[in-house]
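Subject: Structure handover

Hi,

Here is the structure I said I would pass on. Please open it alongside this email.

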Amino acid sequence: MSCSDREFERWKRQSEQRMDQSKKGGVDADIAGLVRFLNGLDQYFTTSSCSGRVILIDGSAESSDVQKQNCQWLFVSHQKCTTEELVEAVGRSSGDAVLKFEPFVLHVQCRRLDDAQLMHSVAVNSGFRNSGLTVGKTRKIISAIRSTHGLEVPLTHQGALLVTPDYIHFLCQICNHKMEENLRRIHRFTENLQKALAAADVPRLHVPECPSAQPPQTVNTDKPGEDSKQKVYRRRRKQQSHSYHDDGRDASDCNQDDNRDSCHDDSDISLTELNHCLDLFT
């Protein structure tokens with residue numbers, strides 16, 4: 001069940017006119033190009049986004065559940081952090097401080113269910129295994145692109161430090177590693193989405209090309225002389241037979257403490273997987 005074109009256009013106009021309600025008041029730099037690109041497409045517009053961040057929040061010592069709305073933000077960064085920054089921030093805690101790494105998240109409203117399915121399959125095949133689709137009562141179709149490699153560690157209780165400075169240094173290294181992997185996933189998703197949309201011949205508004213988020217120390221694993229068509233998604237409208245490769249793993253296999261990233265490797269996905277991204281729901 002999809003909304004009418006008139007409804008979708010109205011929602012898109014309202015989204016463009018709405019003020020940014022985030023604390024930062026704007027789109028994060030690492031995904032600004034991606035957001036601008038999606039909002040320039042006829043089938044999509046973004047409703048919320050975060051490129052990923054390291055945050056240290058101080059909740060009430062009387063509450064066992066730390067809520068962001070009822071706590072003090074001691075530190076926040078959308079880039080890699082330093083041990084000194086975390087030590088200085090945790091020193092200002094008077095309650096229960098919790099260090100978190102929150103990975104990239106993007107919510108995209110889609111014109112039709114087919115558009116949402118394309119977005120979802122590209123996200124999953126790019127490493128965002130916690131992604132999903134929702135269809136509301138008003139027929140709004142939302143694709144949520146999410147990952148699972150987060151981190152949450154308590155550091156203080158009633159203002160008293162629970163860990164050593166060496167452990168804070170260790171956590172800082174883990175957060176920075178996760179931030180690097182986060183940027184690699186964003187880069188992979190951006191490239192794969194552009195290929196999928198180009199193969200599907202999705203109409204665009206007059207907006208500049210989407211600059212890919214630059215991953216840290218990305219290694220090109222393409223073999224010399226590799227046929228360029230192996231890098232392009234192909235939409236096959238009809239198939240005599242259909243089989244989707246499934247390695248038996250789901251989002252629960254992405255252990256947030258496993259720095260090896262069990263979801264995927266950093267090489268380009270195969271031609272078969274590229275085709276399946278668009279064939280999965282046809």
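Below is what turned up, from the overall make-up down to single residues.

First, a caution: this is a predicted model.

**Overall**

The protein has six helices and ten strands. Of its 282 residues, 45% are buried. Take the contacts between residues at least 6 apart in sequence: 78% of them join residues at least 24 apart.

**The four-stranded sheet**

Four strands form an open sheet in the order 3-2-4-8, and the pairing is antiparallel. Strand 3 and strand 8 (151–154) are the edges, each pairing on one side only. On average, neighbouring strands in this sheet are turned by 15 degrees against each other, direction ignored.

Look next at the pairing of strand 2 and strand 4. Seven bridges hold this antiparallel pair. One position to find is Leu-56, which stands opposite Leu-99 in strand 4.

Two helices pack on this sheet. Helix 3 touches strand 2, strand 3 and strand 4, and its direction makes about 175 degrees with that of strand 3. Helix 5 touches strand 2, strand 3, strand 4 and strand 8. The direction of helix 5 makes about 25 degrees with that of strand 4.

**Helix 3**

Which residues of helix 3 are buried? Helix 3 spans residues 83–90, and the buried ones are Thr-83, Leu-86, Ala-89 and Val-90. Seen down the helix axis, these buried residues fall within an arc of 135 degrees, so they line one face of helix 3.

What covers the buried residues of helix 3? The cover includes strand 2 (53–59), strand 3 (72–77) and strand 4 (96–102). It also includes two strands further along the chain, strand 9 (156–157) and strand 10 (160–161). Helix 5 (165–200) is part of the cover too.

**Helix 3 against helix 5**

The axes of these two helices come within 9 Å and cross at roughly 125 degrees. Angles from 65 to 115 degrees count as roughly perpendicular and those over 145 as roughly antiparallel. Helix 3 and helix 5 are therefore oblique to each other. Their crossing is right-handed.

The residues that meet are easy to list. From helix 3 come Thr-83, Leu-86, Val-87 and Val-90. From helix 5 come Ile-168, His-169 and Cys-172. Thr-83, Leu-86 and Val-90 are also among the buried residues of helix 3.

**Strands 1, 5 and 7**

Strand 5 (residues 105–110) pairs with strand 1 (residues 44–50). They run antiparallel, joined by six bridges. Strand 5 also pairs with strand 7 (residues 141–146), again antiparallel and over six bridges.

Val-105 is a good place to see both pairings. In strand 5, Val-105 stands opposite Cys-50. In strand 7, the bridge partner of Val-105 is Arg-146.

**Glu-191**

Where does Glu-191 sit? Its place is in helix 5. Is Glu-191 buried or partly exposed? Glu-191 has a relative accessible area of 29%. Buried means under 20% and exposed means over 50%, so Glu-191 counts as partly exposed. Glu-191 and Leu-34 are 157 residues apart along the chain, yet their C-alpha atoms are separated by 9.9 Å.

If you want one starting view, go to the contact between helix 3 and helix 5, with Leu-86 and Cys-172 among the residues there.

Best wishes

Terms used: Residues numbered from 1 in each chain as written. Predicted model: local features only at pLDDT ≥ 70, side-chain atom pairs only at ≥ 80, totals over all residues. Heavy atoms only, no water. Pairing = 2+ DSSP bridges. Buried < 20%, exposed > 50% of the residue type's maximum accessible area, 1.4 Å probe, protein only. Arc of directions from axis to C-beta. Contact = heavy atoms within 4.5 Å. Axes fitted to C-alpha atoms, helices over the stretch in contact; angles between N-to-C directions. Parallel < 35°, antiparallel > 145°, perpendicular 65-115°, else oblique. Left-handed = near helix turned anticlockwise from the far one by under 90°.
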